[in-house]
Amino acid sequence: MTHDEVYEELTGGRAREWTLRALSGAVRAVRHPLGFVCLPLERRGGDGVCVHLWSGALAHAESTTSQIHCHSWDLFSHVLYGQIRNVHVDVTDAGPDATHRVFEVVSDVTGDHLTPTGRTVRHATGLVEAFGPGDSYTLGAGRFHSSLVPEGGEAATIALGRGRPGSRDLSLGPLAGRGHHVARQPLDAEETARAVGLIAAHLT
């Protein structure tokens, strides 16, 4: 299904049924360095549809910069279960008082290429939003934030992304950080089946 068709399913109150159908076929899964398992389901041009799963039952990828990032796409996300906290972050350019460097993130089939930029910043916590089962939220491209679940919590969302031309994926990292490559960490067939089973168990 396309981005728009999935959006209609979600806003029409059919998220549970759509998810169970979508995960009943062949799916793949990768560990994301932001702390969740991503199950990509659709990619057409700048549009994408994924299911994101936070669970202590699955090994996490190592975070290489920080949880604070911004997307190059406009995000619509629907919470299937659990609680998601979106912590908006106000980022200010800074010189000698800087605490972080901005990294550009370019993704391809092998993973994420993180390149330090010349921009150094400080940041402060802004609006904190909490969303539970059945809630939907949006995050515009270029908005720095962290998406977190409570310690030890379990959560899953459907994430719809639509690319915004001219925007870049960015992440905050250490001032002295150097460029590096974060390889994709695919789950094997057993782990993927476990991830799908965890989601299905919450929805049935």
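Select helix α3 (residues 189-203) and pick out Glu191 within it; helices here are DSSP runs of H or I with at least four residues, strands are runs of E with at least two, and both are numbered from the N terminus. Glu191 is buried, with a relative accessible area of 17%. Buried means under 20% relative accessible area, exposed over 50% and partly exposed in between, with a 1.4 Å probe and protein chains only. Leaving aside residues up to four places away in sequence, Glu191 touches Arg31 and Leu58, where contact means heavy atoms within 4.5 Å.

This is a predicted model, in which local features need pLDDT of at least 70, side-chain atom pairs count only at pLDDT 80 or more, and totals for chains, interfaces and linings use all residues. Residues are numbered from 1 along each chain as its sequence is written, and side-chain values use heavy atoms, with hydrogens and water left out.

**The open sheet**

From Glu191, go to its contact Arg31. Arg31 stands opposite Val37 in β2. The strands concerned are β1 (residues 30-31) and β2 (residues 37-44), which run antiparallel and are joined by 2 bridges. Two strands count as paired if DSSP finds at least two bridges between them.

Now display the open sheet of 7 strands, whose order is β9-β5-β11-β3-β2-β1-β14, with antiparallel pairing. Its edge strands are β9 (136-139) and β14 (185-186), each of which pairs on one side only.

Follow β2 into β3: the two run antiparallel, with 7 bridges between them. Glu42 has Val49 in β3 as its bridge partner. The two strands form a hairpin with 2 residues between them, and Gly45 in the turn has a positive phi of about 60 degrees.

Select β3 itself next, residues 47-54. Are its residues buried or exposed? In β3, 8 of the 8 residues are buried, so the strand is largely enclosed by the rest of the structure. Both faces are covered: one side carries Asp47, Val49, Val51 and Leu53, the other Gly48, Cys50, His52 and Trp54, and all are buried.

On to strand β11 (residues 155-163), which runs antiparallel to β3 and is joined to it by 8 bridges. To find the register, select Trp54, whose bridge partner in β11 is Ala155.

**Strands β7, β8 and β12**

Select β7 (residues 100-108) together with β8; they pair in the antiparallel sense over 8 bridges. These two strands form a hairpin with 2 residues between them. Ser107 has Asp112 in β8 as its bridge partner.

Stay on Asp112, which lies in strand β8 (residues 111-131). Asp112 has 8% relative accessibility and counts as buried. What surrounds Asp112? Not counting residues up to four places away in sequence, Asp112 touches Pro33, Val105, Val106, Ser107, His180, His181, Val182 and Arg184. Draw a distance to Val182: the C-alpha atoms are separated by 5.0 Å, although the two residues are 70 apart along the chain.

Return to β7 and add strand β12 (residues 169-173); 5 bridges join the two, which run antiparallel. Val105 has Asp169 in β12 as its bridge partner.

**His145**

Select His145 in strand β10 (residues 145-148). With 1% relative accessibility, His145 counts as buried. Its contacts, not counting residues up to four places away in sequence, are Gln67, Ile68, His69, His71, Asn86, Val87, His88, Val89 and Leu139. For His145 and His88, which are 57 residues apart along the chain, the C-alpha atoms are separated by 4.3 Å.

**The whole chain**

Zoom out. The protein has 3 helices and 14 strands. Its radius of gyration is 17 Å, close to the 17 Å that the globule rule gives for 204 residues, so it is as compact as a globular protein of that length. The radius is taken over C-alpha atoms, and the rule is 2.2 Å times the number of residues to the power 0.38. Along its principal axes, the C-alpha trace spans about 55 × 35 × 35 Å.

Colour by burial: buried residues make up 45% of the 204 residues. Among contacts between residues at least 6 apart in sequence, 82% join residues at least 24 apart.
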